[in-house]
Amino acid sequence: AGAIADDLGSFVANGVGTATYDPGSIADGAQATTTVTVNGAAVGNPVLVGFTQDLQGITLTGYVSAANTVTAVFQNETGGALDLASGTLAAFVVRP
């Protein structure tokens, strides 16, 4: 258990960015994207993303699309349009 805590501690020091975002209405089969600045992020780094609102079945993924930039993708495959409330998007980048 100590090794996991040590590893998590080193992750926290890597890179985190946040941004306020309102995805608006997303039709079934459609997506909404936005970017978050994460200093030090490089293409190929693993990314975790989170959102402070209920995703209502929408899939949220992220990737480093350019230096210092994480692109977040809200993909709706729920069978109907959904309108998510505005919230805070957080992107966490793991660097080697």
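Student: Let's start with β8. Is that strand mostly covered or mostly open, and how many of its residues are buried?

Tutor: Mostly covered: five of the seven residues in β8 are buried. Keep in mind that we're reading a predicted model here.

Student: Fair enough. How confident is the predictor, then, and where should I be careful?

Tutor: The average pLDDT for the protein is 89, and 86% of the residues score at least 70. Be careful with residues 1-6, where pLDDT stays under 50. That stretch has zero contacts beyond four places in sequence in the model.

Student: Back to β8. Which strands flank it, and what is the order in the sheet?

Tutor: The order is β1-β8-β4, an open sheet of three strands with antiparallel pairing. The edges are β1 (15-21) and β4 (47-51), each of which pairs on one side only. On average, neighbouring strands in this sheet are turned by 15° against each other, direction ignored.

Student: How many bridges hold each pairing?

Tutor: Between β1 and β8 (residues 87-93) there are seven bridges. β4 and β8 are joined by five, and they also run antiparallel.

Student: Can we go down to residues? Which residue of β8 is the bridge partner of Gly 17?

Tutor: That's Ala 91. On the β4 side, Val 49 stands opposite Ala 91 too. So you can read across the sheet at Ala 91, with Gly 17 as a partner and Val 49 facing it from β4. Another match to look at is Ala 19, which stands opposite Leu 89 in β8.

Student: And what should I expect of side chains along a strand like these?

Tutor: As a general idea, side chains in a regular strand alternate between the two faces of the sheet.

Student: Let me zoom out. What is the overall secondary structure?

Tutor: One helix and eight strands. Along the sequence the pattern reads α-β-β-β-β-β-β-β-β. Of the 96 residues in the protein, 34% are buried.

Student: What share of the contacts comes from residues far apart in sequence?

Tutor: Take the contacts with a separation of 6 or more: residues 24 or more positions apart account for 69% of them.

Student: Ser 86 looks like a case of that. Where does it sit?

Tutor: Ser 86 is in the loop between β7 (82-84) and β8. Its C-alpha atom is separated by 3.9 Å from that of Asp 22, although the two residues are 64 apart along the chain. Leaving out residues up to four places away, Ser 86 touches Thr 20, Tyr 21, Asp 22, Phe 51 and Gln 53.

Student: With those neighbours, is Ser 86 buried or partly exposed?

Tutor: Partly exposed. Buried would need a relative accessible area under 20%, and Ser 86 has 36%.

Student: Now the aromatics. How do I describe a ring pair?

Tutor: You give the distance of the centres and the angle of the planes. A search of the whole structure turns up two such pairs. In one, Tyr 21 and Phe 74 lie 5.5 Å centre to centre with 35° between the planes, which is a tilted pair. Tyr 21 is in strand β1 and Phe 74 in strand β6, 53 residues apart. Both Tyr 21 and Phe 74 are buried.

Student: And why is the pair of Phe 51 and Phe 74 called edge-to-face?

Tutor: Because the planes of Phe 51 and Phe 74 stand at 80°, with the ring centres 5.2 Å apart. An angle over 60 degrees counts as edge-to-face. Here strand β4 supplies Phe 51 and strand β6 supplies Phe 74, 23 residues apart. Phe 51 is buried as well. Taken together, the ring pairs link Tyr 21, Phe 51 and Phe 74 into a cluster.

Student: Let's finish with polar contacts. Which residue shares a side-chain polar contact with Gln 75?

Tutor: Glu 77, at 2.7 Å. Gln 75 itself is found in strand β6 (residues 69-75). The side chain of Gln 75 also reaches the backbone oxygen of Ala 30, at 3.4 Å.

Student: What else does Gln 75 touch beyond its sequence neighbours?

Tutor: Setting aside neighbours within four places, Gln 75 is in contact with Gly 29, Ala 30, Gln 31, Ile 58 and Thr 59.

Conventions:
Residues are numbered from 1 along each chain as its sequence is written. Side-chain values use heavy atoms; hydrogens and water are left out. Two strands pair if DSSP finds at least two bridges between them. Helices (H or I, at least four residues) and strands (E, at least two) are DSSP runs, numbered from the N terminus. Axes are lines fitted to C-alpha atoms, for helices over the stretch in contact, and angles run from 0 to 180 degrees between N-to-C directions. pLDDT is the predictor's confidence in each residue, from 0 to 100. Contact means heavy atoms within 4.5 Å. A polar contact is a pair of N or O atoms within 3.5 Å; within protein, one must be able to donate a hydrogen and the other to accept it, and residues adjacent in sequence count only if both atoms are side-chain atoms. Buried means under 20% relative accessible area, exposed over 50%, partly exposed in between (1.4 Å probe, protein chains only). Rings of Phe, Tyr and Trp (its six-membered ring) pair if their centres lie within 6.5 Å; planes under 30 degrees apart count as stacked, over 60 as edge-to-face and the rest as tilted.
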